[in-house]
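Colleague: I am just starting out with protein models, and I would love a guided look at one part of this one. Could you take me through it slowly?

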Amino acid sequence: MTSPSAPHLRQFKLPDVGEGLTEGEILSWLVAVGDTVTVNQPLCEVETAKAAVELPSPFAGTVTELLYEVGTTVDVGAPIITIDIGGEGGVSAAGDAPSTGQPAAEPVGTGLIGEQNANGRTSVLVGYGPRNTEATRRPRRSGAAVAARATAPVLPEADYGSGSQRPPLLATAPDITTKPIRHGGLETGRAAEAHAAAEPVATAPPSRASRPGAGALRPLAKPPVRKYAKDLGIDLTSVEGTGEGGVITRADVDAAATGASGTESTLAGRAFGTESPEAGATETRIPIKGVRKHTAAAMVASAFTAPHVTEFLTVDVTRMMKLRTRLAARPELVGVKVSPLLFVARAVLLAARRHPMVNSSWDEAAQEIVVKHQVNLGIAAATPRGLVVPNVKDAGRLTLAELAGALGDLTATAREGRTPPAAMSGGTITITNVGVFGVDTGTPILNPGESAILAFGAIREMPWVHGGGKGGKKKVVARQVTQLALSFDHRIIDGELGSRFLADVGALLHDPGTAWTF
Amino acid sequence: MTALQHTTEVVDPVPGADAPHLPGQPDLVQLLTPEGERVEHPDYSLDITDEELRGLYRDLALVRRWDVEATALQRQGELGIWASLLGQEAAQVGAGRALAADDMAFPTYREHGVAWTRGVDPLHVMSLFRGVDMGGWDPVATRFNLYTVVIGAQCLHATGYAMGLQRDGAESATLAFLGDGATSQGEVNEALIWASSYAAPVVFFCQNNQYAISVPIERQSRAPLFHRAAGFGFPGVRVDGNDVLAVLAVTRAALAAAREGQGPTLIEAFTYRMGAHTSSDDPSRYRLASELEEWKLRDPIARLKAYLSRSGKADAAFFTGVDAEGDELAARLRKGTIEMPDPAGTEIFDHVYAEQTPHLAAQRAEFVAYHESFEGGHQ
């Protein structure tokens, strides 16, 4: 492809890959300057509000320039890469060279997708790509033309090519008007739940009596007042109406807002509890910074460098819970919290000793897998500032009482927002206790630099097939059951190792006596 | 024998994993296993020559090559959107090749494989997704209706058309395509009722690709989709949608029954959309990668290739030739798509009615005048 003759540079501009998008973030470059590329060879991975996608090359040739660093957010229509397609015949056989209309070897800057062509129109071929500023507008004629237009009915002059004005051709997953939601369908569900929670009426339990029509329990208020209360995050069921017949007035809502400002119940009624939004605002914009920003960056880095696999295990932990009751009464454990998490932590430590590869790290630069000799056990903790993951250093050497004490200190410090940076670095394996929120399981994302993370779900009484050993009869009985979910980095850990590790953790929790064999 | 064996379970996330895929399961009609073994079915047999088998392979391979190129062109900004058929090639090619010359097909917007079998130039499909026209083919000449984007509406069109055939005394049938999500639409249920009441010569071909965009089939239907036909009073059959031979045999039989006046059939082609719903969708947000891996083992093309090579019905030269033909097709589509001229803005006024109305003519004139008010003239 490369030719000793003068270079013929072509630029590939970031296309709208998802119906009306305006920007995308370069997640990774899959080629480097000097690489020879073929038509349709993946050039880079780009994340948009809708999806992370690979962009294939429209040209064959040699990469001469990557125009943006990884992590940059680029506007649709901006050139992202320059490729030298070589001499006159330097384009690929895959038909890249259009014979007419768009000359194959035109110099950079003309005739490409997204650029203005001779008649001043932008050849954004996706139909309704971004409007490229005023430059793409054709100047209006003066005089006669204005008169001509005066006789015509008013057509929507502005935004003729604006994506958001037009319906998508086909129904697609997140609506284009929603804000970008990154990583994980669960977030969509949570947003929906938060939205539902923000409906004042929806906060009443769906009992027969509270249905519209049944009357009494539904607070009486006129629609504009309902809207006003909703905007302020006021639950009307908690407001006393002073209007005629107990109808809640605007003044009542104002009074409730003043009285309740800053209290828990006010915030709970809104999707996002931050500063008081102005009345009538339909959204709250929260700057991305601090722990949120760090969490986002870490999760993106992790999700797109380590190929995650998640496995699930449902375990009967009734025996572990009985052991917990017995141990909690022992003198050496008085004064520390003997929580189910303590047993999960111990089980992870024992299982990691048997399978040291799960306690390892991928060193891309050195092209080495680093197997850690000590376990710095991370515990994901929800704090007022966001998610932090402090770790217990060399947790494998601690006695049960020491481990219980360390876990207690760690979470208490984190909740007070006083976790020092040193406590958050150097983790080697993490536990996330989603059960404390009453949920059963999840698919955790690895803490960057680690290769395994275990989600520990709520412990519930569940019907369970029990017994049947040694000729006994199998019965369905209520047992205490939990779910474990292990995500691991498939670059290091294969399904077999991940499964064995998870099975060992499960076995230790099901029958703590198994610990004797470790 | 660890304690785990009777106390724990690993959740199997693969939809349809407990559905019948294996030969010997009475519910699923299969003539070619995922491993490429030819098997027989008591109700559906297929007499097919080696040349026809190679023809089916060529169809499948070229349709996939087209789809891959279209996906790339969308990512390069050359198509506004693309609805990929990746994984559904056998369902579409099998159904399309079962049609007689004068049977009429009513597609959704994903039936590129059926379009191929009807002789529609792929560039006419590409022009729709590039947004330069509404589909450039002649539905009468090709016996392939224009793509219908409204979910399920084409089932009513197909049923009405079939009732017309009935009244004309014609000996042909219609084939209505729909997806699993469409079965929740009112139109589809209305079409099934009308077709049943009048024993219309229509076959409903449902490609159950397991997802209605992101909603899994388990939420669309608590019962297997083909069971629904019984409620409407006509036969339903589930066929392995990744087995082109079984799809061909089952669809042929259903179309023959329709032409003979035996009324409609609901075919559920059990398959999997291996790509995204459209190029605007990110399936990794709602399904696990392991599920895709599971379905790759049931790939429709790989199994036919295995059967053809193992039985000696095709040699390496044949496969190389098809690959080369695919690359030529891709190059033709790439060039043809990029060079498509933009349509004149006035076209939207020209094809609404067979005869222009005064109101539309006035709007057209206003539109032209407005655009001529800019320097550079009318676009």
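Where in chain B is the place of B:I213? Please take a close look at that part and at what surrounds it in the chain.

Modeller: Happy to! Keep in mind that this is a predicted model. B:I213 sits in the loop between β5 and β6 (215-216) of chain B. Its backbone deserves a glance, as the phi of B:I213 is near 50 degrees, a positive value in a residue other than glycine. Most residues other than glycine have a negative phi. Is B:I213 buried or exposed, or something in between? B:I213 has 18 other C-beta atoms within 10 Å, so it counts as partly exposed; a buried residue would need 20 or more.

Now step back along the chain to B:Q210, which lies in the loop between β4 (202-208) and β5 (211-212) of chain B. B:Q210 also has a positive phi, near 80 degrees, and it is a residue other than glycine. Its surroundings can be described by the count of neighbours: B:Q210 counts as buried because 24 other C-beta atoms lie within 10 Å.

The strand before that loop, β4, leads us to a sheet. Six strands of chain B form an open sheet in the order β1-β7-β8-β4-β3-β2, with parallel pairing. At its edges are β1 (28-29) and β2 (104-106) of chain B, each of which pairs on one side only. Strands of a sheet pair through backbone hydrogen bonds, either parallel or antiparallel. As an example from this sheet, β1 of chain B pairs with β7 (residues 236-240) of chain B in the parallel sense, over two bridges. If you find B:V29 on your screen, its bridge partner in β7 of chain B is B:V239.

B:V239 is also a way into the nonpolar core. Leaving aside neighbours within four places in sequence, B:I267 is in contact with several residues, among them B:V239, B:V237, B:F204 and B:F205. B:F204 and B:I267 are the residues with the most contacts inside the largest nonpolar core, which has 90 residues. A second, separate core has 54 residues, including A:V358, A:L410, A:A452 and A:F488. In soluble globular proteins, nonpolar side chains tend to be buried together.

Since that second core has brought us to chain A, here is a little about that chain. Its secondary structure comes to 11 helices and 18 strands, and 33% of the 518 residues of chain A count as buried.

Technical notes:
Residues are numbered from 1 along each chain as its sequence is written. Chains are lettered from A and ligands numbered from 1 in the order in which they are written. This is a predicted model: local features need pLDDT of at least 70, side-chain atom pairs count only at pLDDT 80 or more; totals for chains, interfaces and linings use all residues. A nonpolar core is a set of buried Ala, Val, Leu, Ile, Met, Phe, Trp, Tyr and Cys residues joined through C-beta atoms within 7 Å. A residue is buried if 20 or more other C-beta atoms lie within 10 Å of its own, exposed if 12 or fewer, and partly exposed in between; C-beta atoms are placed from the backbone. Two residues are in contact if their C-beta atoms, placed from the backbone, lie within 7 Å. Two strands pair if DSSP finds at least two bridges between them. Helices (H or I, at least four residues) and strands (E, at least two) are DSSP runs, numbered from the N terminus.
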